[in-house]
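Colleague: Could you take me through one part of this model up close, the place where the two chains meet? I'd like a bench-side tour, with a bit of context on the partners.

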Amino acid sequence: MTMTTALTTRPSKAQQAGVDLLRIVRINEEIKAVVGVAFKINIMALNAIFLAKRAGTAARGFGVLSNELRVFSQDLRDGMSVLTAHIHACVTEVSVVLQDIRHTALLRQAVEQSSAACGRAVLAAREVENDRHAERLARLRKQLRAALDDAFRMVELGGVLAKSAKIEAAYGQSFAVPLAQVSGEFDGVVEEIRASLESLRRSAFFTGN
Amino acid sequence: MKTTKTIFQDGNHKWIAIVRDPDKPNYLIDTNEYLVTHGGQGLLLDPGGAEVFPAVFSALSSEFDPSALSAIFASHQDPDICSSLALWLEFNPKMRCYVSWLWSSFIPHFGGTAETFIAMPDEGLDISLDGLHLQAIPAHYLHSSGNLHLYDKIAKVLFSGDVGAALLPPGDDGLFVENFDAHIRHAEGFHRRWMGSNEAKRRWCERVSQMEIDMLCPQHGAIYQGADVQRFINWFDGLQVGICGS
Ligand SMILES: [Fe+2]
Ligand SMILES: [Fe+2]
């Protein structure tokens, strides 16, 4: 465990925490948008199933895939709630770290200006607490990153399903047009989510630049 | 850093004013903090805002061990009164905070736990500081709706929170009021606008004029002493308050 040195590195640390907070807030907004889009997918998957039922034997392959899409959309929803929980924990912890920094800076200033014997011990205790918070943030950051990776992999699989559905739609005889439309929309939305998640994974919140 | 001035002393029974920080930025209102000590214990009155904590702490610790502070007395809930609470608690997590019952669930937003707060009833409270008997007396609506002052009968000192406050011009930084008429001009606007109730003011003036007071110590501005104490009470009694200029 490294001890924080709030005095010497205070400005950059405070700035870093401030920047982290802005980044995490932006990630949060993006994830909220993705969760909204993911919700649409559920309805689309249901539509695909109804359509496949109507097409019956004419679109057997599409029918199998539409069930897969339905399972995918549920998994995606679960993945999004995991992401939401992680992002909330990160927002909270970044705020705690930001508060620690202000608190410690005031304490340090007080201790340095004063002759109180207890000052150093109180400051050291505060820094141990700060380190605990910083470590927790590092852990949460890793967990969020892992959850994003999981969601990304899931969405890639969803993309493969959507593309297969598009191909199967072509064999849907008289239903080929509506099936192509449904699978095309599905593919479009999955692609939208994939692009969002990809850019989130590249966020400087994870790379630290 | 602020300076400390001992304004009363009898053995280890002391009143120490913590005042005037030359380094304080102008956008923060200047505040006076007071430390009462008796035996081995200390009671800090209106410890001030988080931003001035380093200045107050360092001045206080030049006189007193901050970990021996047994309690904080908060006259009311304003940020300039006690937004530094969480920082003081770092030095003594067992420290208590006396505050009007009205604010005892509001001030924890500045820090502390359920054990930290001692809610003072409207009629006031007797507080013992290592055997020294202090009295929290009602000053509600002056200006806060849950507001108490602190009286030390032995030292004959009344800590009066925002009552008696003056917004002094730069350079006017004497600790005691020297020319009452000149000084009170800087107090008038503050009292008219910040104090909300003529009725409450009337009752306060009646109450405190019956008390023996050598020094009336406000949270802003200068200390009234001797004849200026009664002069202030009379002036305040005659002032119409609760008035907004516009
Ligand atoms: Fe106030
Ligand atoms: Fe005040």
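Modeller: Chain A is built from 5 helices and has 0 strands, so to speak an α-α-α-α-α run when you read along the sequence. Keep in mind that this is a predicted model. The C-alpha trace of chain A spans about 90 × 25 × 20 Å along its principal axes. Its radius of gyration tells a similar story: chain A has 25 Å, while a compact globule of 209 residues would come out near 17 Å.

Now to the contact itself. Chain A puts in 15 residues and chain B puts in 17 residues. People often describe how big an interface is by the accessible area lost when the parts come together. Here, about 1200 Å² is buried between chain B and chain A, and carbon and sulfur atoms give 68% of that. On the chain B side, the residues that lose the most area to chain A are Pro54(B), Glu90(B) and Phe91(B), which together make up 41% of what that side buries.

There's some polar chemistry in the contact too. Between chain B and chain A you'll find 5 residue pairs in polar contact, with both residues at pLDDT 80 or more. There are also 2 salt bridges across the interface. One you can pick out on screen is Arg102(A) with Glu51(B), where the closest N and O atoms sit 2.8 Å apart.

Which helices of chain B each supply at least two residues to the side that touches chain A? Those are helix H1, residues 53–61, and helix H3, residues 85–91. H1(B) provides the largest share, with 6 residues. Sort the residues on that side of chain B by type and you get 10 nonpolar, 4 polar and 3 charged.

While you have chain B up, have a look at a pair of its strands as well. Strand E8 (residues 125–129) and strand E9 (residues 132–138) of chain B run antiparallel and are joined by 5 bridges. To line them up by eye, start from Asp126(B) in the model, which stands opposite Gln135(B) in E9(B). E8(B) and E9(B) form a hairpin with 2 residues between them. In that turn, Asp130(B) has a positive phi of about 45°.

Terms used:
Residues numbered from 1 in each chain as written. Chains lettered and ligands numbered in written order. Predicted model: local features only at pLDDT ≥ 70, side-chain atom pairs only at ≥ 80, totals over all residues. Heavy atoms only, no water. Contact = heavy atoms within 4.5 Å. Buried area = accessible area lost by both parts, 1.4 Å probe. Salt bridge = Lys/Arg side-chain N within 4 Å of Asp/Glu carboxyl O. Polar contact = N/O pair within 3.5 Å; in protein donor to acceptor, adjacent residues only side chain to side chain. Helix = DSSP H or I, 4+ residues; strand = E, 2+ residues; numbered from the N terminus. Nonpolar A, V, L, I, M, F, W, Y, C, P; charged D, E, K, R; others polar. Pairing = 2+ DSSP bridges. Rg over C-alpha atoms; globule rule 2.2 N^0.38 Å.
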